[in-house]
Amino acid sequence: MSPQASLLPLAAVGVPVLTAVAIVVTRRKPTLRDALLVVGAVVTFVVVGALVPAVLAGEVPTTRLGQLVPGVELSLRADGMGMLFALLASFLWVLAGSYAVGYMRGDAAANQTRFYAFYALCLSTAFGVAFAGDLFTFFVFYELLTIATYPLVTHKGDAKAIAAGRLYLGVLLSGGVLVLAATLLVWANVGELGFAPGGIVGDTMGTGLTVLVFALFAAGFATKSGVMPVHRWLPAAMVAPTPVSALLHAVAVVKAGVFAFGRVVGFVIGPGVLLDLGVQGWLSLAAGITIAVASVVALRQDHLKRRLAFSTIAHLSLIVLGFSLLSATAYEGGLLHIVNHGLLKITLFFCAGAIHIAAHKDHVSELDGIGRRMPFTMVAFAVASYGLAALPPMGGFVSKWYLSLGALDADQQVYAALIVISGLFTAGYLFPVVYRAFFKPLSEEARAHPHGEASPLMVVPLCVTALVGLLLGLGDLGGVYSIASDVAATVTGGAP
């Protein structure tokens, strides 16, 4: 696949920046300001969508950005793996933009201009991560994503939010230092940083140094991916407004973390090298432990957003596990679960935010009978829960199916069993919410304070994401499966 000169990858990064500027300029006209957030998202989605035909045809649209440091050229390139992440982020931003406006208005939140501006900037850096053509460009946008998201995490400005923000920065920037160290070691010993299917390291660094580089990358990316024990920032960040929680869990920060694992395993070190070294087993073990422990912890959470946060930690490690198993099918399953989990988890967070705004409820134990008052919201919650539990015909079933088959291809029956059992855990902590909502009577307190659905600005997006999560289980929507299959085959050489 040869690079084709194109400005579209740069436009995907640049349009959200221009959107942020326009939001600040129109701050005294709230209606126009809010509309611009959604318009910017739509334009970005169109730009990203325009790249799909070229990528499906085997082309790699590339924008060269010049040299930031001598000998290291920055570049943006839309390969198959980047397209999966960018398609997810751009599509969900259109819906998250509308949702954020409805939520912030319903919550009468302060500093809405600042919030929307950083919301757009956060997406810009996410597209930079998706389309980075080399390790150095990737590192720049990876760190900018952390910084751009910090004001969103601390938006409320109270002591709890500031403490969560401090933990957030401390953990993620520390991980960034490890990633930078690994990147410098690759540059010093390999002499290049460009991504290439199958890896660029080969046998140039020797066994000891290659193991060290992999360990540094794994430890660094584990922070954003929520792998235990460096996961504490993620549930703490739930103090942020729900549109931020949805952004963190489905589109930007944590997805950048697991995406980074896929890049390093498939495009920097390479599955062949890792198989020869045998070090990927430690990453599989860490991911497996995280899946089990986070699922158990999620069962015990009464606060709805915290329950969803620990669910995210478990599902992120399913993706990491898929990449670490080094089989083509498992790698494909990891890519597909980035997409399916993103759609289904953002639906659940959208529902949690709608419940907070309309009913002022945040705990599972308070949701008895709420399905009668908020039928659209809770049906969407039920659909997303069904999908995350990996039941057919949802997209979540398809990605878990590939992950399970990939574990068997890698002769890792224990992990195949864990992947299946994780679906039972997911049902265990999400289905009780659905049961309470539809099969328990309203409490006396709820009867005394009647309410209906939240604003259509919030309800329509959560219904759309739930529907798309279903459609992805019924067919190759947007060429997602074709792209994932091609990437996995290219990275692993087509071998199971």
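Visitor: What makes a set of residues a nonpolar core here?

Guide: Such a core consists of buried nonpolar residues joined through side-chain atoms within 4.5 Å, with buried meaning under 20% relative accessible area. In this predicted model, the largest nonpolar core has 177 residues. Phe217 and Tyr331 have the most contacts inside that core. H14 gives the largest share, 19 residues.

Visitor: Which residues is Phe217 in contact with, leaving aside its neighbours within four places in sequence?

Guide: Leu135, Val179, Ala182, Thr183, Val186, Val264 and Val268. Contact requires heavy atoms within 4.5 Å, so each of these residues has a heavy atom within that distance of Phe217.

Visitor: Why is the space of about 50 Å³ called a cavity?

Guide: A 1.4 Å probe fits there but cannot get out, so the term is cavity. The search of the whole structure finds one cavity of 30 Å³ or more.

Visitor: How do you know that Ala359 and His451 belong to the lining of the largest cavity?

Guide: Lining residues have an atom within 4 Å of a point of the cavity, and Ala359 and His451 are among those listed, so both count. The lining divides into five nonpolar, one polar and four charged residues.

Visitor: What makes the space of about 380 Å³ a pocket?

Guide: A pocket is an open set of points with protein on both sides within 12 Å along at least five of seven lines, so this space is classed as a pocket. Of its 21 lining residues, the closest to the centre are Lys156, Lys160, Met238, Val239 and His303. Helices H6, H8, H13 and H14 each supply at least two lining residues. The pocket lining has eleven nonpolar, three polar and seven charged residues.

Methods
Residues numbered from 1 in each chain as written. Predicted model: local features only at pLDDT ≥ 70, side-chain atom pairs only at ≥ 80, totals over all residues. Heavy atoms only, no water. Points joined across faces, edges and corners; volume = space filled by probe spheres on them. Nonpolar A, V, L, I, M, F, W, Y, C, P; charged D, E, K, R; others polar. Helix = DSSP H or I, 4+ residues; strand = E, 2+ residues; numbered from the N terminus. Buried < 20%, exposed > 50% of the residue type's maximum accessible area, 1.4 Å probe, protein only.
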